[in-house]
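Visitor: Hey, got a minute to walk me through this one? I'd like to start with how a pair of helices pack.

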Amino acid sequence: MFVLGVTAVLILCIVAFLIWWQKSARLYWEKNGVSYIPGPPLIGIPKDCMMLKKNCGELFMEIYNNEKFKDEPITGVYFFNKPSLVVRHPELIKKILIKDFSNFMDRTLSGDPYHDVIGMDNLFLVKGQRWKTIRHKLSPIFTTGKVKNFFLLMMEVIKILEQKLAEEIGDEPQEYDAKELASLYTTDTLSLCAFGVQANSLLDPKADIHENIKRAIDFNWQRGLVYLLSFFLPKLSSVFGLILFSKETNDFLRSTINNVMEERIKSGIKRNDLIDTLIAMNKEDSDLYKGDTLVAQAAIFLAAGYETSSSAISFALYELAQNPEVQEKLRQEINSYIEKYGSVQYETIHEMEYLHYVVQETLRLYPNLTFLDRNCTPTDGKSSYSLEPYHKFAIPRGMPVYIPAMAIQRDPNYFPDPLKFIPERFESKSSLHQSNFLSFGIGPRECIGKRFAYFQVKLSLVTILRHYKVEASERTPKTIKLDRKAVVLRSEEPLYINLSRI
């Protein structure tokens, strides 16, 4: 009887605690006059993401489109024990990401900075003044002039891509997994342009660099949970020593990048690429920029560049297969400009307007990062950041702020018929608010490799569409199901397409 009594008391205590937790969470937002979407006690709103039932993009779509609160400028949620704010209003988004950026400089995602330097001390995740310093050092790599200089290197990879397709595609259509084909191409261009290394992934899909980059962003259920915890429960990541990339990936990156830097120093060759910049940073301040900190910058460039560009290419090919009239219009533009210049030139890619619209529409519909995250850190010594005149709530120091990028880019108020692939919508630039297109972010923390990524994606589409028609195969998904294990936007199924000679 005693044991039963103790058990009953414990159960009652747990139930009482859960009721109290749920009530206190609701009261926190109610007393601050903020609309609130509840979730289960302790876990909060990301329950379905943590159980791998939903992609993060779907979670933020549901929050953004909540029928009761969809017209509110902000909505409160709980991610585990942490009250967090989801921002909808375009002007508030612009203030947070641009005008008052200094109050929201850092991302919420975090981990163990001591045991995971490669994962945490890179440009994407590093915080505060250190982020400013590293960003300043790396920015010159991605100027318009540098991207133009990368053109000849990219064309070396393009020749191999053309050779591969010519050898593999005969009189009958050839089926490809668009993501796999795109990832081979992006691995080779990133390796050559950033590190001066021939990865040869297009000719050998099992090449070490490609296999290890793939592994770095492989979202099996274990890695998926690590990323989710790093976003929504960062303190736990530090306590348990969770690392962003696997140990095997870190070892490969450390060995490869250090060897490339050592060989570059020995040779004395200057390429004005990422490796030269990392070497210069180390010479300038060997205490600040050393070891894994340098490796971290190269690692995030490889991993992020690989995932964003390969996804954009594969989703573009998928949509072009579904929309033959768009494909034909784009092909006509490609042919007219190549006829004008005689061959594919830097200016060819740069001047094609409809090509740009196609890429923009792809990124609108399929942003790699489905949400943007920031941490509120007021710089004026105050304990909070006021949202006046948009809302009376003041964001307290340390509160995470989330901007649902994919939901905004699929909002019919900004993009009519949002699920339709309509590149022409980008012809009228005046109708698009700066805060409604967030695929690369906006403001000082906008993607540093944006110019490079655009050029890389466009060049691949021009190369393929010049000579090949893109069509759906028997295995092409009718609709895209988002990968529930990934924090980025990915298709759960391979994006199969057919390529046939024109």
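Guide: Sure, and keep in mind that this is a predicted model. Helices α12 and α14 have axes that cross at roughly 105°, a value between 65 and 115 degrees, so the two are roughly perpendicular to each other.

Visitor: How many Å apart do the axes of α12 and α14 come?

Guide: They come within 9 Å. α12 covers residues 247-267 and α14 covers residues 291-322.

Visitor: Which residues make the contact?

Guide: From α12 you get Leu 253, Arg 254, Ile 257, Asn 258 and Met 261. α14 brings Asp 292, Leu 294, Val 295, Ala 298, Ala 299 and Leu 302. Sorted by class, that contact has 8 nonpolar, 1 polar and 2 charged residues.

Visitor: OK, pockets now. What's the volume of the largest pocket?

Guide: About 850 Å³. It has 33 lining residues, and the closest to its centre are His 356, Gln 360, Lys 450, Arg 451 and Tyr 454.

Visitor: Which helix gives the most to that lining?

Guide: α19 does, with 5 residues. The whole lining splits into 16 nonpolar, 10 polar and 7 charged residues.

Visitor: And what about the second largest pocket, how are its lining residues divided by class?

Guide: That lining has 6 nonpolar, 5 polar and 11 charged residues. The pocket holds about 450 Å³ of space, and α14 turns up again here, giving the most to the lining with 4 residues.

Visitor: Switching topic: what does Tyr 28 touch?

Guide: Tyr 28 sits in helix α1. Leaving out residues up to four places away in sequence, Tyr 28 touches Tyr 78, Pro 83, Phe 393, Pro 396 and Met 399.

Methods. Residues are numbered from 1 along each chain as its sequence is written. This is a predicted model: local features need pLDDT of at least 70, side-chain atom pairs count only at pLDDT 80 or more; totals for chains, interfaces and linings use all residues. Side-chain values use heavy atoms; hydrogens and water are left out. Axes are lines fitted to C-alpha atoms, for helices over the stretch in contact, and angles run from 0 to 180 degrees between N-to-C directions. Angles under 35 degrees count as roughly parallel, over 145 as roughly antiparallel, 65 to 115 as roughly perpendicular and the rest as oblique. Contact means heavy atoms within 4.5 Å. Ala, Val, Leu, Ile, Met, Phe, Trp, Tyr, Cys and Pro count as nonpolar, Asp, Glu, Lys and Arg as charged, and the others, Gly among them, as polar. On a 1 Å grid over the protein atoms alone, a cavity is a set of points where a 1.4 Å probe fits but cannot get out, and a pocket is an open set with protein on both sides within 12 Å along at least five of seven lines; lining residues have an atom within 4 Å of a point. Grid points are joined across faces, edges and corners, and a volume is the space filled by probe spheres set on the points.
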